[in-house]
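Open the model in your viewer and keep the sequence panel in view. The tour below goes from one selection to the next.

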Amino acid sequence: MIGKMISRRLWAAPPLAERRLFSAVASSRFSSPAISQPSCAPPVHRSCTSVSSSAPENDLLFVDWTPSSPKSAEIPTLLQPRVLVYDGVCHLCHRGVKWVIKADKYQKIKFCCLQSKAAEPYLRFCGLEREDVLRRVLFVEGPESYYEGSTAALKVASYLPYPYAALSALLIIPAPVRDAVYDYIAKRRYAWFGKEDKCIVMHDKELLDRFIDREEMFGDRDEI
């Protein structure tokens, strides 16, 4: 019962000014070394304080907090819902992301390149390695749900406006069948569509507003 009460509170969102502060804290946390955590143990969640229930649903945050020391416990990692973590150097994946951004006029979906440090808390939260997401894209829907492969792609479609949302009806197809097609294309995507050395989104700066790791990518660009 206590766990369910905490989960409900996780979806309360802070006002805009506080969200920017939370984003700054989260960005610094993303750059820190990964916290060691047994893969079999689920992360402990805590809700944010000073929140406003009237904030837009698209800006909700939830906390992945597994402190390794009293000092680190003071700075929780703030994760955002509906984040698609994908292979940022893959041309096919990049085309798919551009299509989603164009179709998602209400901006419900956010993005993160797998190759960025900002992806690490999401991988820890789901108990996945980078190699897992290289095989199958990851969609973190919220504090209690994440999806991979074809299911992740169709779950993303379910948040798009019609007629695109109708694609989610394909979820009725058994996952093994859908993933067989997905895996066949994924294994050959570099050979068929090519890849880059760094995240391709840097070539499309107008898309960066939808990326949770945009500050990190801008920093990398300044170093080059």
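What follows is a set of stops, each with something to select and a note on what is there.

**Whole chain.** This is a predicted model. Show it as a cartoon, coloured by secondary structure: there are eight helices and six strands, in the order α-α-β-β-β-α-β-α-α-β-β-α-α-α along the sequence. The chain has 224 residues, and 42% of them count as buried. Among contacts with a separation of 6 or more, 66% join residues 24 or more positions apart. Switch to a surface: its accessible area is about 12500 Å², with 58% belonging to carbon and sulfur atoms.

**Helix 6.** Select residues 149–158. Is this helix enclosed or open? Seven of its ten residues are buried, so helix 6 is largely enclosed by the rest of the structure. The buried ones are G149, S150, T151, A152, L154, V156 and A157. To see what covers them, add strand 3 (83–86), helix 3, strand 5 (138–142), strand 6 (145–148) and helix 7, which are included in the cover.

**W99 and Y164.** Next, show these two side chains as sticks. The structure holds five aromatic pairs. In this one the ring centres are 5.3 Å apart and the planes stand at 90°, so the pair of W99 and Y164 is edge-to-face. W99 belongs to helix 3 (residues 91–103) and Y164 to the loop between helix 6 and helix 7 (175–193), so the pair ties together parts 65 residues apart in sequence. W99 is partly exposed, at a relative accessible area of 39%, and Y164 is also partly exposed, at 33%.

Keep both selected and add L167, L170, I172, I173 and V177: together with W99 and Y164 they make a nonpolar surface patch of about 650 Å².

**K98.** Staying in helix 3, select K98. This lysine is partly exposed, with 35% relative accessibility. Which residues does K98 touch, leaving aside its neighbours within four places in sequence? The contacts are D204 and L207. Measure C-alpha to C-alpha from K98 to L207 and you should get 7.8 Å, across 109 residues of sequence.

**R189 and its surroundings.** Move to helix 7 and pick R189 together with D87. Their side chains meet in a salt bridge, 2.9 Å from N to O. D87 sits in the loop between strand 3 and helix 3 while R189 is in helix 7, so the pair ties together parts 102 residues apart in sequence. Both residues are buried. R189 also lies over the face of Y190, 4.6 Å from the ring centre. Now select R188: its charged end sits over the ring of Y184, 3.8 Å from the centre.

**Other salt bridges.** The count comes to seven salt bridges. Select R130 and E120, whose closest N and O atoms are 3.4 Å apart. R130 is in helix 5 (residues 130–135) and E120 in helix 4 (residues 120–126), so this salt bridge ties together parts ten residues apart in sequence. R130 is partly exposed, at 26% relative accessibility.

Within helix 5, show R135 and D132, which form a salt bridge at 2.6 Å, N to O. They are three residues apart, about one turn of the helix. Then select R136, D179 and D183, which salt bridges link in a network.

**Last stop.** Select Y86, F111 and F211, which ring pairs link into a cluster.

Conventions: Residues numbered from 1 in each chain as written. Predicted model: local features only at pLDDT ≥ 70, side-chain atom pairs only at ≥ 80, totals over all residues. Heavy atoms only, no water. Phe/Tyr/Trp six-rings, centres within 6.5 Å; stacked < 30°, edge-to-face > 60°. Helix = DSSP H or I, 4+ residues; strand = E, 2+ residues; numbered from the N terminus. Buried < 20%, exposed > 50% of the residue type's maximum accessible area, 1.4 Å probe, protein only. Lys NZ or Arg CZ within 6 Å of the ring centre and 35° of its normal. Contact = heavy atoms within 4.5 Å. Areas by Shrake-Rupley, 256 points an atom, 1.4 Å probe, with all protein chains shown as cover. Patch = residues over 30% accessible without salt bridge, like charges linked within 9 Å, V, L, I, M, F, W, Y side chains within 5 Å. Salt bridge = Lys/Arg side-chain N within 4 Å of Asp/Glu carboxyl O.
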